[in-house]
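Okay, thanks for coming, everyone. I'll put the structure up on the screen and then walk you through a few parts of it.

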Amino acid sequence: MDSISLNADSWTGKLVFTEFDHKGSACIRSEWTHSCLRTDLLMGEICANNNITVIRLYKEHVNPVTSELVHHAFVVFKTESRWKYSIERNKTCITLQRSKCLNDILHAACGGFADTSEQKGKGSIGKVVHFLWRNNYLGEHYHPLRSNCIQFASRIFRAFSIQSDALPIHVCDSSDDDPDNYEC
């Protein structure tokens, strides 16, 4: 079996949510499947009025031990409330993490990345969850070439940032990529 097949076999199709307490320890850990993303419990637990103010794309870094370039990406949201969120796609699931301390989610999301891009954010964490549901990201198996962390993070970043220049046509013309079409 080749490595591409192995990567697809480990996909669980879940959104794994972790909240960190003020000491950096995980105090809540939940998992949801695609059909559960629209439940009131999920919306109440992680979305509650968390409008995005700033969005950052973290991408590629050099491993300080081996000096090897590591290809990975994730997105961090700062919200009007004191919460910071990170979202990333890996070989087994999509992870959504929340903390009031930015370092908690940066460390948990494979710290050491260079901050490559920052924009003013739009939408809310509820809209991010709806975006995952509407675009069936949990049903889309991880694939290192066609459905990976860098493509996922870039699409989230484009959809939830206010960019100074126009968004690509496939984002502007698709209501599925427009978080403003959904109210949490």
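Let's start right in the middle of things, with helix α4. The buried residues there are I125, G126, K127, V128, V129, H130, F131 and L132. That makes 8 of the 10 residues of α4 buried, so this helix is largely enclosed by the rest of the structure. Before I go on, please keep in mind that this is a predicted model.

Now let me zoom out for a moment. The protein chain has 6 helices and 8 strands. If you read along the sequence, they come in the pattern α-β-β-α-β-β-β-β-α-β-α-α-β-α. The chain is 184 residues, and 45% of them count as buried. And if you take the contacts with a separation of 6 or more, 65% of them are between residues 24 or more positions apart.

Back to α4, then. Which residues of α4 meet α5? On the α4 side we have K127, V128, F131 and L132, and on the α5 side F152, R155, I156, A159 and F160. Sorted by class, that contact has 7 nonpolar residues, 2 charged ones and no polar ones. A bit of helix background here: an α-helix has 3.6 residues a turn, so residues three or four places apart point the same way.

As for the geometry, α4 covers residues 125-134 and α5 covers residues 149-160, and they pack at an angle of about 130 degrees with their axes 12 Å apart. The two helices are therefore oblique to each other. The crossing of α4 past α5 is right-handed.

Next up, the nonpolar cores. The largest one has 29 residues. Those with the most contacts inside it are V75, F77, I87, I94, L132, I156 and F160. You've already heard three of those names, because L132, I156 and F160 also turn up where α4 meets α5. Where does this core draw its residues from? The elements giving two or more residues are strands β1, β3, β4, β5 and β6, plus α4 and α5. It's α5 that gives the most, with 6 residues. There's also another core lying apart from this one, with 7 residues, among them F20, Y58, V76 and L102.

While we're on α5, have a look at R158, which lies in that helix. Is R158 buried or partly exposed? Its relative accessible area is 22%, so it counts as partly exposed; the cut-off for buried is under 20%. R158 and L57 are 101 residues apart in sequence, yet their C-alpha atoms are 9.7 Å apart in space.

Over in strand β4 you'll find H71. Leaving out residues up to four places away in sequence, H71 touches E60, C149 and I150. Take E60: it sits 11 residues from H71 in sequence, and 4.9 Å away from C-alpha to C-alpha.

One last stop, in the loop between α4 and α5, where N136 is found. What is the phi of N136? It's positive, about 50 degrees, although N136 is not a glycine. For context, most residues other than glycine have a negative phi. N136 comes just after α4, and at 35% relative accessibility it counts as partly exposed.

That's my tour, so let's open it up for discussion.

Notes: Residues are numbered from 1 along each chain as its sequence is written. This is a predicted model: local features need pLDDT of at least 70, side-chain atom pairs count only at pLDDT 80 or more; totals for chains, interfaces and linings use all residues. Side-chain values use heavy atoms; hydrogens and water are left out. Axes are lines fitted to C-alpha atoms, for helices over the stretch in contact, and angles run from 0 to 180 degrees between N-to-C directions. Helices (H or I, at least four residues) and strands (E, at least two) are DSSP runs, numbered from the N terminus. Angles under 35 degrees count as roughly parallel, over 145 as roughly antiparallel, 65 to 115 as roughly perpendicular and the rest as oblique. A crossing is left-handed if the near helix is turned anticlockwise from the far one by less than a right angle, and right-handed if clockwise. Contact means heavy atoms within 4.5 Å. Ala, Val, Leu, Ile, Met, Phe, Trp, Tyr, Cys and Pro count as nonpolar, Asp, Glu, Lys and Arg as charged, and the others, Gly among them, as polar. A nonpolar core is a set of buried Ala, Val, Leu, Ile, Met, Phe, Trp, Tyr and Cys residues joined through side-chain atoms within 4.5 Å. Buried means under 20% relative accessible area, exposed over 50%, partly exposed in between (1.4 Å probe, protein chains only).
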